[in-house]
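Trainee: Please take me through a close look at one part of this model, cut-offs included.

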Amino acid sequence: MRDKELYGKILGIEEPWLVVDVDLRLEDGEVLVFLEHRACSKLLCPECEEPAKGYDTRSKRWRHLDTCQYRTVLVAEVPRVECPAHGVRQIRVPWSEAGSRFTALFEALVIDWLQESSIAAVARLLGLSWSAADGIMQRAVVRGLARREPQLPTHVGVDETSFQKRHEYVTVLSDQDEDTVVHVADGRGREALDVFWETFSEEKRAGVESVAMDMWPAYIASTKAAIPDAERKIAFDKFHVAAHLGQAVDRVRRGEHRALWAKGEDTLKGTKYLWLQNPGAMSDERWADLKALRDTALKTARAWAIKEFAMSLWQYRTRGWARKAWLRWYSWAIRSQLEPIRRVARMVKRHLEGILNAIVLGVTNARSEAINAKIQWLKYTARGFRNRDRFRSAIYFHLGGLSLYPDSLATHTNQ
Ligand SMILES: [Zn+2]
């Protein structure tokens with residue numbers, strides 16, 4: 001029958017396997033492809049790959065890529081061998097990983113889709129259970145991590161991120177040149193970072209050129225202890241400083257809004273995001289709204305101007321000029337009489353050398369921001385994570401730059 005040959009070709013079935021039957025079940029929307037192992041060919045133990053005596057066979061099924069919208073299932077009697085060293089084992093099949101109910105190509109398809117969408121959506125679209133789709137994802141991460149050596153980037157990014165419950169954190173270590181996450185550590189204390197640094201020799205650690213982070217004592221202390229010459233390498237980047245100033249502007253706005261509201265004025269009502277958005281990314285209409293407010297005597301407008309001025313200070317290139325400009329900014333901020341702004345100004349002054357490091361080392365906010373945005377997307381699409389392990393695994397899956405496909409296909413990908 002011609003379709004046996006055709007299916008053999010489509011599925012890439014090779015000796016000693018062959019397609020012996022194809023059963024098209026129109027009413028079930030399903031194609032069953034029956035495979036058989038040639039009796040005369042020798043059998044190998046999956047552990048040691050030594051020839052071994054046949055023991056019995058087991059009936060197995062694997063979901064494969066659909067053919068013309070028909071769910072396609074491979075069916076085979078898979079021989080088991082009795083190896084003197086490893087006992088009774090099922091032989092390896094070339095189209096699937098051991099223990100999987102899916103072919104390698106099907107797993108690769110699921111992996112591709114999971115990169116774009118939530119587990120629930122992919123499960124629904126492909127007619128899988130949630131746990132089957134999740135299992136493919138978890139196995140992919142385990143595979144990807146096993147294939148990779150621990151990596152210490154030249155330009156490291158350190159960031160904390162919370163999941164589900166507000167006070168549970170992980171520390172995310174990233175490669176700022178590759179936009180990938182190299183490690184996810186528990187918590188956000190000093191040990192979180194210590195454990196990562198200690199993975200590498202002192203010589204390797206000396207090769208680190210910059211460590212971008214928030215002004216966070218635990219990370220600073222850990223990095224100073226582990227990285228030679230850390231005083232010149234720790235960089236408090238624009239992304240993190242902007243976040244602190246953004247929060248300060250928002251605190252000023254909330255306080256002022258309350259005070260105005262008590263007097264019956266609603267000038268600041270509904271303006272929260274107007275003040276927080278990057279003016280460069282604003283529509284003309286929003287810019288017009290902001291401009292009208294900005295030119296008023298509002299405290300919030302003043303706080304906003306102080307923040308935006310700080311954002312412009314990243315354009316300096318030399319330490320000396322940048323220091324002068326930041327100190328000028330500091331004296332303006334500290335005289336502002338806006339307590340949230342003054343608090344950040346003091347923090348900035350205490351950490352000024354690290355901010356200047358970010359400037360002279362050319363550490364930009366783009367990397368931290370991109371990784372952070374993707375992690376927020378993960379939290380949103382997963383509607384929260386049940387525990388830290390699931391969160392960690394999702395970060396590795398989407399941001400680890402790992403080779404995720406099953407072994408037989410792994411050479412085809414290096415995302
Ligand atoms: Zn063996």
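**Starting from the hairpin**

Mentor: Glu36 in S2 is the bridge partner of Leu18. Before going on: this is a predicted model, so local features need pLDDT of at least 70 and side-chain atom pairs 80 or more, while totals for chains, interfaces and linings use all residues. Residues are numbered from 1 along each chain as its sequence is written, and side-chain values use heavy atoms, with hydrogens and water left out.

Back to the strands (DSSP runs of E, at least two residues; helices are H or I, at least four; both numbered from the N terminus). S1 (residues 17–25) runs antiparallel to S2, with eight bridges joining them (pairing takes at least two DSSP bridges). Four residues separate the two strands in this hairpin, and Gly29 in the turn has a positive phi of about 65°.

Follow the chain past S2 and you reach the zinc ion. Its protein donors are Cys45 (SG), Cys48 (SG), Cys83 (SG) and His86 (ND1), at 2.1 to 2.3 Å (donors are N, O and S atoms within 2.8 Å of the metal, or 3.2 Å for Na, K and Ca; water isn't among the atoms, so sites may look incomplete). The spacing along the chain reads C-x2-C-x34-C-x2-H. Cys45 and Cys83 link distant parts of the chain, 38 residues apart: Cys45 sits in the loop between S2 (30–37) and S3 (53–67), Cys83 in S4 (residues 70–83). Angles of 103 to 113° among the four donor atoms make the site tetrahedral (all angles between 85 and 135 degrees). For four tetrahedral donors the ideal is 109.5 degrees. Cys45 counts as buried because its relative accessibility is 1%, and Cys83 does so at 6% (buried is under 20% relative accessible area, with a 1.4 Å probe and protein chains only).

For a helix in the same model, try H16. A side-chain oxygen of Asn387 reaches to within 3.1 Å of the backbone nitrogen of Asp389 at its start, and Gly401 takes a positive phi of about 60° just after it. The 12 residues should span 16 Å at 1.5 Å a residue, so the 16 Å between the end C-alpha atoms agrees (expected span is 1.5 Å times one less than the residue count). H16 is mostly covered, with 10 of its 12 residues buried. Among them is Ser393, at 7% relative accessibility. Leaving aside neighbours within four places in sequence, Ser393 is in contact with Gln138 and Val141 (heavy atoms within 4.5 Å).

Definitions and conventions
Tetrahedral: all angles 85-135°; square planar, octahedral: opposite > 155°, others 65-115°. Buried < 20%, exposed > 50% of the residue type's maximum accessible area, 1.4 Å probe, protein only. Polar contact = N/O pair within 3.5 Å; in protein donor to acceptor, adjacent residues only side chain to side chain.
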